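This report is an introduction for a reader who has not met the structure before. It goes from the relation between two chains to their contacts, and then to a pair of helices and a pair of domains.

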There are 6 protein chains.
Amino acid sequence: MSALKKSENPENNPRVKAVFDDIRATRKTNFINHLWHYLAFNPELLEQTWREVKAVMIADSALDPLVKEMIYIAVSATNACAYCVHSHTAAARAKGMTDDQHADLLRVMALAAKTNQIANALQMPIDTAFDADQRGS
Amino acid sequence: MSALKKSENPENNPRVKAVFDDIRATRKTNFINHLWHYLAFNPELLEQTWREVKAVMIADSALDPLVKEMIYIAVSATNACAYCVHSHTAAARAKGMTDDQHADLLRVMALAAKTNQIANALQMPIDTAFDADQRGS
Amino acid sequence: MSALKKSENPENNPRVKAVFDDIRATRKTNFINHLWHYLAFNPELLEQTWREVKAVMIADSALDPLVKEMIYIAVSATNACAYCVHSHTAAARAKGMTDDQHADLLRVMALAAKTNQIANALQMPIDTAFDADQRGS
Amino acid sequence: MSALKKSENPENNPRVKAVFDDIRATRKTNFINHLWHYLAFNPELLEQTWREVKAVMIADSALDPLVKEMIYIAVSATNACAYCVHSHTAAARAKGMTDDQHADLLRVMALAAKTNQIANALQMPIDTAFDADQRGS
Amino acid sequence: MSALKKSENPENNPRVKAVFDDIRATRKTNFINHLWHYLAFNPELLEQTWREVKAVMIADSALDPLVKEMIYIAVSATNACAYCVHSHTAAARAKGMTDDQHADLLRVMALAAKTNQIANALQMPIDTAFDADQRGS
Amino acid sequence: MSALKKSENPENNPRVKAVFDDIRATRKTNFINHLWHYLAFNPELLEQTWREVKAVMIADSALDPLVKEMIYIAVSATNACAYCVHSHTAAARAKGMTDDQHADLLRVMALAAKTNQIANALQMPIDTAFDADQRGS
């Protein structure tokens, strides 16, 4: 099932081939997952999406690569994105996420969802102590 | 504005006082934020919520305290919980989150939301390579 | 703050006046809350929305009026609709929701949000025992 | 898999048959998709839902039919409704949505989700210039 | 498909066995649904989750057991949790939810989602009459 | 209230000044809304966000500028992003959105949210006729 037709022979398009080559080289694998195959229907959208994933998730940055994958999982589960939860949990495991870390991630995500629900149901005023413009950072 | 009336003199109730005392002792501050004041209308709900926040966010666990706050922020923003975003961003800052880490957190959260949206709009099949029951972890 | 301009003298329009009159008569109060004042910019949308609210929430049906308000609150908090949480919590209180019922509602909503988060993060297969086409109801 | 049992021989009920006949006549096809088959368990709910879909999506209105389908897809993907994304993407394609329009729709939806996430994480004050009550429209 | 590997022989772990035994005894059935099998990878998370489900959904409380299941369904559908909608609709049916009650639940949930969308798009100010701190309850 | 401190004198930073200059030139106004002022704490994030907004929302593309704003509003309301709903409704009005178009947008968004809720609560199977891989587009 898919809401968009998967491109046939996408690498016949040189822009698609260039992206796929870069995915293979960057990830050191021949496996190209479905997201990229389906995005290939529009080479520009494919290029933009891959460029951003590479810049944010693969390039060095202020956060640890595994931490970034866990944040990704947290957002994806909250948005009920089955595909993204699967792909980024696999990525987190490949980057060394242990069972204990996975359980802790679930515990934090679940508690956040729970207190979000309570706070959104109480709608109480936000403490002025939490206002960053007054806190100074 | 609030959807529930804030309790007056909540510490007249000994169960509420015990929770508030524990919050002050655990956090080493006299400041008790609104969430706990509003939850005081039902001492049992107050106790349960605080016990879980303390066990998950404050006790030692497999993840670093700052990482847990960032995961909390990620879920809270996705759920549009204004109160929780404010309180946990303040907590993350208090635990040392730098401007660069904050910007990186925003970048990962924003990319996740973006690709969640794309994947949920394409609805393509999940790669069998992502099935944990076949991956073995 | 509002994303749409509030209508001035909306009851100069007879279709708006007819809806406002029906709201006042049905609810036995002169108070017309903001939702209806803002929807008045388009009398047809106003009429459709009020007709549906009246048919679903006020007419007799298989569920108790207070139960319907609690379901409404549950959906509204999950959707982070501040306005709706406020208006339907006020409605539930007016229909007799006690503090204990409110706390129980929050407890169920919070647990549901929590296990939703866990199940959406695990993405495990649905048990065939839950398939209604096989259960027979 | 389904959470509700599909009705058997739903057109034995004359109210269901009348709705199904109208769907076939309006859409000029014998195909009745699953939504209507499952809603047939309650003829009143079936009638109400079809009446509203017909009035909003099929009757002439201020927006172009294809634009309405694209707005529908945008909401449905954001709500992670797999069924609705599939059915309304098929409808948009049937109404002429091109690959370029589809890619542009995805790009706008993805950017909106991204900036929603950033704005919900920053929680900055809304500019008074955006207040419609002051703007005048 | 699953994002986490299902535990093999989970009851070899005595903590898991104790939880499974309690589920069987409490529910008076030998059927243990997938959620618990997958949570068994971390006995502590399994214990915490079951303890809370038992306390909130099974123990006597201010709300009727069927009402609690309907609130659970409302939250789960809004969060697009396919697993939870399936399991809690089965539970509601087992507790006696009739077709008419199910249809009414859908009608209230659908109306709430609709007016949430309208109110979140209008962003009008909340009436001070809805402020619980002024209402007194 | 804000979860991040607003930058003071952001244009002292030449990268921020360059973005602000481009915003003013592109939009032909001296008004720079809060989003950009708050993003200025990290010039790279500011540059990336503005570059993408400009490319997607301002550059010519397959969809009409007003249609893009309406899609943006639809996603933003569904995500309960108060800031984004305000800013993009103002933008849509500035691009000529009439009251009738606004009402029609609300009607489509509301119906989508309603049927999303119903379909997510029924969890019925997706018709194979909706599978793009079989449809051919």
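In this predicted model, chain D can be laid on chain C with an RMSD of 0.0 Å, by a turn of 180° and a shift of 0.0 Å along the axis. A turn and shift of that kind is the relation of a two-fold axis. Within chain D, the C-alpha nearest the axis belongs to Asn79(D), and it lies 4.9 Å from that axis.

The contact between these chains involves 12 residues of chain D and 12 residues of chain C. Sorted by class, the residues on the side of chain D that touches chain C comprise five nonpolar, three polar and four charged. Because 100% of the interface residues of chain D are also interface residues in chain C, the copies meet through the same surface.

Chains A and B form another contact, in which 60 residues of chain A touch 60 residues of chain B. On the side of chain A that touches chain B, the elements that give two or more residues are α2 (34-39), α3 (43-58), α4 (65-78), α5 (82-94) and α6 (99-122) of chain A. The element that gives the most to this side is α6(A), with 16 residues. By class, the residues on this side of chain A divide into 35 nonpolar, 17 polar and eight charged.

The table sets out the classes for the two sides described so far.

| Side | Nonpolar | Polar | Charged |
|---|---|---|---|
| Chain D, touching chain C | five residues | three residues | four residues |
| Chain A, touching chain B | 35 residues | 17 residues | eight residues |

A helix pair joins chain D to chain F: helix α6 (residues 99-122) of chain D and helix α3 (residues 43-58) of chain F pack at an angle of about 150°, with their axes 10 Å apart. That angle makes α6(D) roughly antiparallel to α3(F), and the crossing of α6(D) and α3(F) is left-handed. From α6(D) the contact is made by Arg107(D), Val108(D), Leu111(D) and Ile118(D), while α3(F) brings Thr49(F), Glu52(F), Val53(F) and Val56(F). Taken by class, the contact of α6(D) with α3(F) has five nonpolar, one polar and two charged residues.

Within a single chain, the domain assignment of chain A gives domain 1 (11-59) and domain 2 (62-123). The centres of domain 1 of chain A and domain 2 of chain A, taken over C-alpha atoms, are separated by 24 Å.

Conventions
Residues numbered from 1 in each chain as written. Chains lettered and ligands numbered in written order. Predicted model: local features only at pLDDT ≥ 70, side-chain atom pairs only at ≥ 80, totals over all residues. Axes fitted to C-alpha atoms, helices over the stretch in contact; angles between N-to-C directions. Helix = DSSP H or I, 4+ residues; strand = E, 2+ residues; numbered from the N terminus. Parallel < 35°, antiparallel > 145°, perpendicular 65-115°, else oblique. Left-handed = near helix turned anticlockwise from the far one by under 90°. Contact = placed C-beta atoms within 7 Å. Nonpolar A, V, L, I, M, F, W, Y, C, P; charged D, E, K, R; others polar. Least-squares fit on C-alpha atoms with pLDDT ≥ 70 in both. Domains from an automatic or database assignment.
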